[in-house]
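Q: Please take a close look at one helix and the turn that follows it, and then place that part within the rest of the chain. Keep the wording plain, and explain each term when it comes up.

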Amino acid sequence: MQDNYGREISVLRISVTDLCNYRCKYCMGEDGIPKRTHRDVLSFEEITRIASVAAGLGIRKIRLTGGEPLVRRGILDLCRMLKSIPEIKELSMTTNGSFLTDFAAGLKDAGVDRLNISLDTLDPEKFHSMTRTGSLEDVLHGIETAEQVGFTGTKLNAVLIGGFNDTEIPAFAELTKSRDLSVRFIELMPLGCSANWDSQCFLSSDAVLKALPDLEFVDTDGVSVRYRLPGYLGTIGLIPPMSRKFCSRCNRIRLTADGKLKPCLHSAAEIPLTGLSDQELENALKAAILSKPKEHLLNQTHQSGTLRNMYEIGG
Ligand code: SAM
Ligand code: SF4
């Protein structure tokens, strides 16, 4: 279904939990978050029913996210349930990669088509410092396991942070030399924990073009602009929500773990979807799509309109 600005809304991002085993400094506080009760979080049946009604309105791709989706107990069952919705052409997941060594084969078997793995640094100490709990080794091993069990088109997402990982751009690019990986640099957005970070942390994705002058333009893939180094197998993507906002190409809506539909990441507007009949659900989803704002004002106000943290929305 189209929204009021002619955008075909075909992607539903589903956050399955706010919980996470990491505490990335730009996303979550040191003490984590209060654990929600089971009643607060949508059941797998409720998520699947919402996804089915959304599929009837034109949703074709579902991405599972969080918090960390792999900490939700029984997540493989949910993957199977969503994959069995006939209209859904692609099921993917955004994960911090820490549990992939154990989960990659199960995810493949449960019908997950693609993975986005977050990885902000290739330095073990910096990795531990940024995630406060994580081990780089686990994630690198998880990425290899995903490759071994047959995942292709895997995307590694690095949030570009001035003074933290901008000197690592060439090292990230080397990962694409002989592997079928897309490394994507995402501009840091000022929301939640990073809302008041120093301005030097917020780098334009142009920093990547400067650091890698040999990059050749490949194409535009949704919200990312893709490049490749000559002779390299994989690609480098830039996702610039701040410096070159891509709202006119935004084709997604978001479901939070507690059952609210967010038409826009950076808006406070939320439509509650719990306790509705199928018809009420369809009406609510239609209204949500039609209320999707034209664009965010992040780069003018340097402030997101959302009242949630990123771990509650899923990115
Ligand atoms: N835990 C999973 C992970 O890290 O991939 C999924 C949820 S996480 C909230 C989704 C993505 O949002 C991650 O790639 C993370 O780096 C990104 N993210 C979190 N806060 C951000 C911010 N302020 N600006 C840009 N990206 C952010
Ligand atoms: Fe967890 Fe992902 Fe947030 Fe890091 S970015 S704290 S891994 S939800």
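A: Just after helix α5, Gly-150 takes a positive phi of about 105°. Helices here are DSSP runs of H or I with at least four residues, strands are runs of E with at least two, and both are numbered from the N terminus. This is a predicted model, in which local features need pLDDT of at least 70, side-chain atom pairs count only at pLDDT 80 or more, and totals for chains, interfaces and linings use all residues. Residues are numbered from 1 along each chain as its sequence is written, chains are lettered from A and ligands numbered from 1 in the order in which they are written, and side-chain values use heavy atoms, with hydrogens and water left out.

Helix α5 itself covers residues 136-148, which makes 13 residues. From its first C-alpha to its last it reaches 18 Å, close to the 18 Å expected at 1.5 Å a residue; the expected span is 1.5 Å times one less than the number of residues. Leu-136, Val-139, Gly-142, Ile-143, Thr-145 and Ala-146 are the buried residues of α5. Buried means under 20% relative accessible area, exposed means over 50%, and partly exposed lies in between, with a 1.4 Å probe and protein chains only. These buried residues pack against two helices, α3 (100-109) and α4 (124-131), and against the strands β4 (114-118), β5 (154-160) and β6 (181-187). Contact, here and below, means heavy atoms within 4.5 Å.

On the other side of α5 in the sequence, Arg-132 sits in the loop between α4 and α5. Its phi is near 65°, a positive value in a residue other than glycine. Arg-132 is classed as partly exposed because its relative accessible area is 28%.

Further along, Glu-168 belongs to the loop between β5 and α6 (169-174). With a relative accessibility of 9%, Glu-168 therefore counts as buried. Leaving aside residues up to four places away in sequence, Glu-168 touches Thr-121, Leu-122, Asp-123 and Lys-126.

Lys-126 also gives a link to another part of the chain. Leu-64 and Lys-126 are 62 residues apart in sequence and 27 Å apart in space, C-alpha to C-alpha. Leu-64 is in strand β2 (residues 61-65), and it counts as buried because its relative accessibility is 0%. Among the residues that Leu-64 touches, not counting those up to four places away in sequence, are Ile-14, Val-16, Leu-82 and Met-93.

Ile-14 is in strand β1 (residues 11-15). At 1% relative accessibility, Ile-14 is likewise buried. Beyond four places in sequence, the residues that Ile-14 touches include Ile-47, Ile-62, Leu-64 and Leu-255. Ile-14 and Asp-214, by contrast, are 200 residues apart in sequence and 37 Å apart in space, C-alpha to C-alpha.

Two loop residues fall into opposite classes. Cys-250, in the loop between β9 (235-239) and β10 (252-255), counts as buried at 14% relative accessibility. Apart from residues up to four places away in sequence, Cys-250 touches Arg-7, Ile-9 and Lys-292. Asn-196, in the loop between β6 and α7 (206-211), counts as exposed at 76% relative accessibility. The C-alpha atoms of Asn-196 and Tyr-26 are separated by 10.0 Å, although these residues are 170 apart along the chain.

There is also a ligand to place. Around ligand 2 are Cys-20, Tyr-22, Cys-24, Cys-27, Gly-67 and Asn-96, where a residue is near if one of its heavy atoms lies within 4 Å.

Now the chain as a whole. It has ten helices and twelve strands. A compact globule of 315 residues would have a radius of gyration near 20 Å, and the chain's 19 Å agrees with that; the radius is taken over C-alpha atoms, and the globule rule is 2.2 Å times the number of residues to the power 0.38. The C-alpha atoms fill a box of roughly 55 × 45 × 40 Å along the principal axes. Of the 315 residues, 54% are buried. Among contacts between residues at least 6 apart in sequence, 74% join residues at least 24 apart.
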